Amino acid sequence: MSQETVVSLKELQKVDDEIRQVRERIEDVEERLAEAEVPLLEAEETAKATRDRLSQMKLDERKLESSADEKRARIKKLDERMTKVQNLREEVAVRAELDIVRRAMEADEQEALGLLDQIRRTEVSLDELEASVAEARAELGPQREELESERAREQAQLGKLEDRREEWVEQIGDGERKVYESFRASGRRVVIAHLLEDGACGNCFGMIPLQVQNEIRGGGEMIRCEACGVIVAAPETSPES
Ligand SMILES: [Zn+2]
């Protein structure tokens, strides 16, 4: 394997590690964004539930009022009939119906009054809830702006790294690329390691057969460690040696 390929693979590995870190940071920012939105979402949800309950109560109250109105009209008719009764038996019957309808009307009115009271109290608490929605929104604003610009910065960085990645990918051969990509896809971070001076694999430290070591040092074909599978490159030349 040529020195250029070794360098490219190592750079690619480095860029991919950076990409992974940037992606983690983006995920983290997104989590923080979602968390920051929770108080507002909760306040909005409570306000909405209260608003729904309020309109249901208003609807019920109107129904009670119109039902009381109907009974009032019925009472008027019964009152008229009362003036035209022919005998005691008829009078008793009309009076009995009048009593029933009047009691029912009063019950409707009572219930409507109770609801009106509840409506007033709910309107007060809805005002308070809407104030806390506004407060939560005002608090979230700058926080969200900050997190969104942080995310934008990381995304720009990710774009740059991905471009750089493409450049390094173009530098390596198909065989190396396939090994590299399948390693990364399976979640392994180390794809290429150097042969150590003592002849061990730089990743798993397993000994590599002498003949294979020579092939690696010769820099020909791509050679992989039999034990751990990483691509093994010739030993790193340190400046001192
Ligand atoms: Zn190995």
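The exercises below concern a predicted model and are each followed by a worked solution.

**Exercise 1. The zinc site**

Determine which residues are the protein donors of the zinc ion and what arrangement the donor atoms form.

Solution.
- Step 1. The SG atoms of Cys201, Cys204, Cys225 and Cys228 are the protein donors, and they lie 2.2 to 2.3 Å from the zinc ion.
- Step 2. For four donors, the tetrahedral label requires all angles to lie between 85 and 135 degrees.
- Step 3. The angles subtended by the 4 donor atoms run from 106 to 112 degrees, so the arrangement is tetrahedral.

**Exercise 2. Donor spacing and setting**

State how the donor residues of the zinc ion are spaced in sequence, and find which parts Cys201 and Cys228 tie together.

Solution.
- Step 1. The spacing of the donor residues reads C-x2-C-x20-C-x2-C.
- Step 2. Cys201 sits in the loop between β1 (192-194) and α4 (210-218), while Cys228 sits in the loop between α4 and β2 (231-233); the pair therefore ties together parts that are 27 residues apart in sequence.
- Step 3. The limit for a buried residue is under 20% relative accessible area. Cys201 has 0% relative accessibility, so Cys201 is buried. Cys228 is also buried, at 15%.

**Exercise 3. A positive phi**

Locate Phe205, give its phi, and decide whether this residue is buried or exposed.

Solution.
- Step 1. Phe205 belongs to the loop between β1 and α4.
- Step 2. Most residues other than glycine have a negative phi. Phe205 is not glycine, yet its phi is positive, near 65 degrees.
- Step 3. A relative accessible area of 57% makes Phe205 exposed.

**Exercise 4. The span and bend of α1**

Compare the end-to-end reach of helix α1 with the expected value, and find where α1 bends.

Solution.
- Step 1. Helix α1 covers residues 3-83, which is 81 residues.
- Step 2. From first C-alpha to last, α1 reaches 118 Å, close to the 120 Å expected at 1.5 Å a residue.
- Step 3. At Val38 the helix bends by about 35 degrees, and the proline Pro39 follows within four residues.

**Exercise 5. Contacts made from α2**

For Leu140 and Thr122, establish the burial of each and list the contacts beyond four places in sequence.

Solution.
- Step 1. Leu140 is in helix α2 (residues 88-171), and Thr122 lies in α2 as well.
- Step 2. Leu140 is buried at 2% relative accessible area, and Thr122 is buried at 7%.
- Step 3. Leu140 touches Ala36, Glu37 and Leu40. The C-alpha atoms of Leu140 and Leu40 are 7.5 Å apart, with their positions 100 residues apart in sequence.
- Step 4. Thr122 touches Thr50, Arg53, Leu54 and Met57.

**Exercise 6. Separations across the chain**

Give the distance between the domain centres and the C-alpha distance from Ala107 to Gly199.

Solution.
- Step 1. The protein is divided into domain 1 (20-166) and domain 2 (180-233).
- Step 2. Taken over C-alpha atoms, the centres of domain 1 and domain 2 are 67 Å apart.
- Step 3. Ala107, in helix α2, is partly exposed at 42%. Ala107 and Gly199 are 92 residues apart in sequence and 98 Å apart C-alpha to C-alpha.

**Exercise 7. The surroundings of Arg184**

Place Arg184 in the secondary structure and list its contacts beyond four places in sequence.

Solution.
- Step 1. Arg184 is part of helix α3 (residues 174-185).
- Step 2. With a relative accessible area of 16%, Arg184 is buried.
- Step 3. The contacts of Arg184 are Gln13, Asp16, Asp17, Arg189 and Val191.

Technical notes. Residues numbered from 1 in each chain as written. Predicted model: local features only at pLDDT ≥ 70, side-chain atom pairs only at ≥ 80, totals over all residues. Heavy atoms only, no water. Donors = N, O, S within 2.8 Å, 3.2 Å for Na, K, Ca; no water. Tetrahedral: all angles 85-135°; square planar, octahedral: opposite > 155°, others 65-115°. Helix = DSSP H or I, 4+ residues; strand = E, 2+ residues; numbered from the N terminus. Buried < 20%, exposed > 50% of the residue type's maximum accessible area, 1.4 Å probe, protein only. Domains from an automatic or database assignment. Contact = heavy atoms within 4.5 Å. Expected span 1.5 Å × (residues − 1). Bend = angle between axes of the 7 residues up to and from the residue.
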